[in-house]
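Notebook open, coffee poured. I want to look up the aromatic contacts and the surface charge in this one.

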Number of protein chains: 2
Amino acid sequence: MDNRPIGVFDSGLGGLTVLKALKIALPNENFIYVGDTARVPYGNKSRKKIKQYSDQISKWLIAQDCKMVVVACNTASAIALESLRMKFSIPIIGVINSGVRRAIHLSQNSHIAVLATAATIKSDEYGKQLKALNSQIIIKNIACPLFVPLVEEGLTNDHLSLSVIKMYLKSLKNSKFDTVILGCTHYPLLKDPIQNILGDKVKLVDSGNAIVKEVEEFLMENNLMSKISQGIFHCFVTDEPESFDKIAERFLQTKLVGTSHIELF
Amino acid sequence: MDNRPIGVFDSGLGGLTVLKALKIALPNENFIYVGDTARVPYGNKSRKKIKQYSDQISKWLIAQDCKMVVVACNTASAIALESLRMKFSIPIIGVINSGVRRAIHLSQNSHIAVLATAATIKSDEYGKQLKALNSQIIIKNIACPLFVPLVEEGLTNDHLSLSVIKMYLKSLKNSKFDTVILGCTHYPLLKDPIQNILGDKVKLVDSGNAIVKEVEEFLMENNLMSKISQGIFHCFVTDEPESFDKIAERFLQTKLVGTSHIELF
């Protein structure tokens, strides 16, 4: 039994889709969410910066007495997870591994495509982890840098988002790829139009949802479940909290009050 | 006479369009360019952060013995210019004022539209400065947050960029607005499709180009022109310099070597 909070972080607010899924599955847990809104996005930054930023946030979450850290950001998971685990002694779980295991479970012909930010695709972390579990797998990596700005503009299901999705997914249409990983926390908000374009037979993997089961199992196995009756959550951002609340409500689909500011160096 | 360099800064690499125009007009000047690539973009950050980042960069440029600072970033000019001028004693010039004066000079019916980032539009700095020079002016502010990611994806003249431009400029089509300010250093790379959509009669103001004349006049009037035969320039970025060189060449249309890294706090 461990009533300490679970730390969840992302480059901005995309990770709130992960927080939402975790809150539903684990209602007794307390959560602390950090969105690095002063430096968002991570997808176009260097490996060195992504590691440095992830390091600063993890250090801060550990100082808040978190029992574990969930790296909700795909870019940070792809690039920083290993170095975070080497540096810090508390359990740290990233979205990539969960997405990989779910995709391998779902695919029937071992043809898996990965949609992600430029930095995640460049790292080829999904590819490496898929190959590690099944060396025969055929992988297609597709960087989709316009998806995040589209979602943040609220353009998730109109003719413009359809054009952008069609442009990036051209090579998947009528292809053998039967499973597609949505390798960025913003992408599930484009799930419907992506599904429409690829057709119902293609399975979409939301790596944010996939992590929930992994966190649950980890807490159970290690006897770290919280025993309080109703968990609470608190959001912290590195830029001003006001504008965060508004867009965050679109992600969380719940009223958000009292986001606080933190300064990280 | 003053051979010290001119400091130019931007949130990322968009300001290179300004540097390019300055280099052509003032070949004897030395330039130091700073792109804050570790925290780009500024357009979705808060006023407080934009001021803090602009402050750190200006302090660094002054420490490099610059004779003046050009704020090439529209967002930083809109939000931080006044506080920078209060804090530092060297001359600091921003792109907004130059763009405003050029637009007023060009418009024949005092109907001026401003295209810019969310933060610049929210500040209404173009609107305030236009009104200060001509209180009768009719202004339309349009935030175009997808323009920067489109340009950075290299999608400057295809069906997708046309769709995005049409979406944002719908209200300008067949309107009375005869002058449109491109209020972000990335936007001149979309000049051709914007002109095509609005028609030849509409005048586009590139605020980056407009600042060149202002810098030139300022140096002349204050006897600050450099007298060396051939100026040089050096670029500094807050993220890793490697990836910067590649995209920067698209902006500068010249080979770029030896960009250096700086760490700002």
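My entries below go through the aromatic rings and then a charged patch.

**Entry on rings.** I note up front that I am working from a predicted model. I counted aromatic pairs over all chains and got ten. I started with A:Phe147 and A:Tyr168: the ring centres lie 5.4 Å apart and the planes sit at 80°, so I put the pair down as edge-to-face. This contact links distant parts of the chain, with A:Phe147 in helix α7 (residues 147-152) and A:Tyr168 in helix α8 (residues 159-169) of chain A, 21 residues apart.

Buried or exposed, I asked of A:Phe147? A:Phe147 comes out at 0% relative accessibility, so I call it buried. A:Tyr168 is buried as well, at 9% relative accessible area.

**Second partner.** I then checked A:Phe147 against A:Tyr187: centres 5.0 Å apart, planes at 80°, so this pair is also edge-to-face. Here the link runs from helix α7 to the loop between β7 (179-182) and α9 (191-198) of chain A, 40 residues apart. A:Tyr187 has a relative accessible area of 0%, so I log it as buried. I wrote down A:Phe147, A:Tyr168 and A:Tyr187 as one aromatic cluster.

**Entry on charge.** Which residues make up the positive surface patch? I found A:Arg47, A:Lys51, A:Lys122, A:Lys128 and B:Lys246. I picked A:Lys51 for a closer look and placed it in helix α2 (residues 47-63) of chain A. Its relative accessibility is 32%, so A:Lys51 counts as partly exposed.

Definitions and conventions: Residues numbered from 1 in each chain as written. Chains lettered and ligands numbered in written order. Predicted model: local features only at pLDDT ≥ 70, side-chain atom pairs only at ≥ 80, totals over all residues. Heavy atoms only, no water. Patch = residues over 30% accessible without salt bridge, like charges linked within 9 Å, V, L, I, M, F, W, Y side chains within 5 Å. Areas by Shrake-Rupley, 256 points an atom, 1.4 Å probe, with all protein chains shown as cover. Salt bridge = Lys/Arg side-chain N within 4 Å of Asp/Glu carboxyl O. Lys, Arg positive; Asp, Glu negative; His and termini not counted. Charge placed at Lys NZ, Arg CZ, Asp CG, Glu CD. Helix = DSSP H or I, 4+ residues; strand = E, 2+ residues; numbered from the N terminus. Buried < 20%, exposed > 50% of the residue type's maximum accessible area, 1.4 Å probe, protein only. Phe/Tyr/Trp six-rings, centres within 6.5 Å; stacked < 30°, edge-to-face > 60°.
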